[in-house]
Amino acid sequence: MVTDHAFYMQLALNEAWKYQALTYPNPPVGALILDRHGKILSIGAHHEAGHPHAELNACIDAVQATGDTNIAQLQTPLEQHRYLTEHYRNYFKGATIYVTLEPCMHHGKTPPCSLLLHELGFRTVVIGTVDPNKKATGAVAFLQQQGVDVIANILKDACDALIYPFMKWQKNENFIFFKLAKFQNGTISGKHVSSEESRTLVHHMRTKIDLLVIGGNTVKTDRPTLDARLVNAPKAPDILIYTSDKNIDRFIPLFQVPDRKVYIEKSFARLNDYRHIMIEGGEGMFHHSRNIVDYYLFFTSDKFRRGKKIDLDANLKSLHCFKNSSDTIAWFKNLMKDTM
Ligand SMILES: NC(=O)c1ccc[n+]([C@@H]2O[C@H](COP(=O)([O-])OP(=O)(O)OC[C@H]3O[C@@H](n4cnc5c(N)ncnc54)[C@H](OP(=O)(O)O)[C@@H]3O)[C@@H](O)[C@H]2O)c1
């Protein structure tokens, strides 16, 4: 039976997954607020490191929905935290918040979210999974000591899958995801398989990863740039071209991008030097890398196109799926990888 708790936690999870691979080195987190009568006030997420945590974002959204335009003018999470506790204690009194990850307890780039929830008078805090980060944990005990009802482990497995990349970084291990774009009928040939909206998301991801892996044939035929121009970002990841052929034309645009290292290598050993890694590949790279990939990210266009269909042999578990204007975006876990 689907309980209300699971229903609301799923909505918070849905919001958080939109930012998967964008929050490095932080975890993606989602939050949903119900007022004291059970009406949804807002759904928020953590968007990127240094920006407000999900709980703060959800509070800000709820306040903006009242017509308050002042909070949008505030620049830092610290100012936003202060503004909320000065003006909105009564507004959130008796409210419930669903958070996919235990609220933080530490003063980092943002003040502790557990303190914010206590100061704003939340009555109930429903948590998906308890924070594996020792520095941040302790919110459950703190909130309970303040008289807040805490309910933990709602959709725990799903919430753990959301933060699996973060858990790897915490252990100083790398997280590797494989991104593939295909048409509805399984063909992948041609430029721009997915929509501009999806390609913009991938460019945003390129600003967050530290290594991008690409096959040698793709580099030779597509002559790509592999930068983040769709989000106007100067940062572009280092590149590993996976090939046994060192003889690659250095006039290919990816070599012209400043402040980037390019490796041309016939092994994946280099990946051990990096933490947040995306492989952008087709069928060949899919098969070569199947033992090292953690998660897969498939963009499936609503459109059909004639051509050779991609033939994949894999054992995957579906984690999350959502839609933008013309593509379906799906995350999978690789069950082939023995560490999982
Ligand atoms: N739709 C999409 O999302 C997408 C993304 C990327 C690519 N593609 C398309 O998919 C097609 C195939 O691309 P792909 O990404 O699958 O791979 P690819 O570009 O064909 O690269 C595979 C690479 O693996 C290398 N390789 C094979 N065995 C190796 C070994 N034992 N040691 C070292 N290197 C080895 C090959 O090296 P050698 O050069 O030495 O043979 C080859 O360059 C391309 O046409 C591309 O345009 C589509």
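In this predicted model, the chain is divided into domain 1, which covers residues 4-169, and domain 2, which covers residues 174-334. The C-alpha centres of domain 1 and domain 2 lie 32 Å apart, and 11 residues of domain 1 are in contact with 13 residues of domain 2. On the side of domain 1 that touches domain 2, H1 and helix H7 (164-170) each supply at least two residues, and H7 gives the most, with three residues. By residue class, this side of domain 1 divides into seven nonpolar, two polar and two charged residues.

## The five-stranded sheet

Five strands form an open sheet with mixed pairing, in the order E2-E1-E3-E4-E5. Its edge strands are E2 and strand E5 (149-151), each of which pairs on one side only, and the twist from one strand to the next averages 15°. Two helices pack on this sheet. Helix H1 (residues 4-17) touches E1, E2, strand E3 (96-101), strand E4 (124-129) and E5, and its direction makes about 135° with that of E1. Helix H2 (residues 54-64) touches E1, E2 and E3, and the direction of H2 makes about 140° with that of E2.

Strand E1 (residues 30-34) and E2 run antiparallel and are joined by five bridges. Within this pair, Ala 31 has Gly 44 of E2 as its bridge partner, while Ile 33 stands opposite Ser 42 in E2. The hairpin of E1 and E2 has five residues between the strands, and Gly 38 in this hairpin takes a positive phi near 95°.

Is E2, an edge strand of this sheet, largely enclosed by the rest of the structure or largely open? Five of the six residues of strand E2 (residues 40-45) are buried, so this strand is largely enclosed by the rest of the structure. The criterion behind that reasoning is that a residue counts as buried if 20 or more other C-beta atoms lie within 10 Å of its own.

## The eight-stranded sheet

A further open sheet has eight strands in the order E9-E8-E7-E10-E6-E11-E13-E12, and its pairing is mixed. The edge strands here are strand E9 (262-265) and strand E12 (316-323), each pairing on one side only. Neighbouring strands of this sheet are turned by 20° against each other on average, direction ignored. Strand E7 (residues 211-215) and E8 pair in the parallel sense over five bridges, and Leu 212 has Ile 239 of E8 as its bridge partner.

## The surroundings of the ligand

The ligand is surrounded by 22 residues, of which the closest are Gly 215, Gly 216, Asn 217, Gly 282 and Gly 284. Strand E6 (175-182), helix H9 (216-222) and helix H10 (283-288) each supply at least two residues of this shell, and the largest share, five residues, comes from H9. The shell around the ligand divides into six nonpolar, 11 polar and five charged residues; in this count glycine belongs to the polar class.

## Backbone features in the loops

Most residues other than glycine have a negative phi, and most peptide bonds are trans. Against that background, three places in the loops deserve a separate entry, and the table lists each one with its backbone angle.

| Site | Backbone angle | Place in the chain |
|---|---|---|
| Tyr 24 to Pro 25 | cis peptide bond, omega near 5° | Pro 25 in the loop between H1 and E1 |
| Asn 172 | positive phi of about 65° | loop between H7 and E6 |
| Asn 232 | positive phi near 50° | loop between H9 and strand E8 (238-242) |

Are the two asparagines, Asn 172 and Asn 232, buried or exposed? Asn 172 has 7 other C-beta atoms within 10 Å and is exposed, and Asn 232, with 8 C-beta neighbours inside 10 Å, counts as exposed as well. Both classifications follow because a residue is taken as exposed if 12 or fewer other C-beta atoms lie within 10 Å of its own. The positive phi of Asn 172 occurs although this residue is not a glycine, and the value for Asn 232 is likewise positive in a residue other than glycine.

Conventions. Residues numbered from 1 in each chain as written. Predicted model: local features only at pLDDT ≥ 70, side-chain atom pairs only at ≥ 80, totals over all residues. Helix = DSSP H or I, 4+ residues; strand = E, 2+ residues; numbered from the N terminus. Pairing = 2+ DSSP bridges. Near = placed C-beta within 6 Å. Axes fitted to C-alpha atoms, helices over the stretch in contact; angles between N-to-C directions. Contact = placed C-beta atoms within 7 Å. Domains from an automatic or database assignment.
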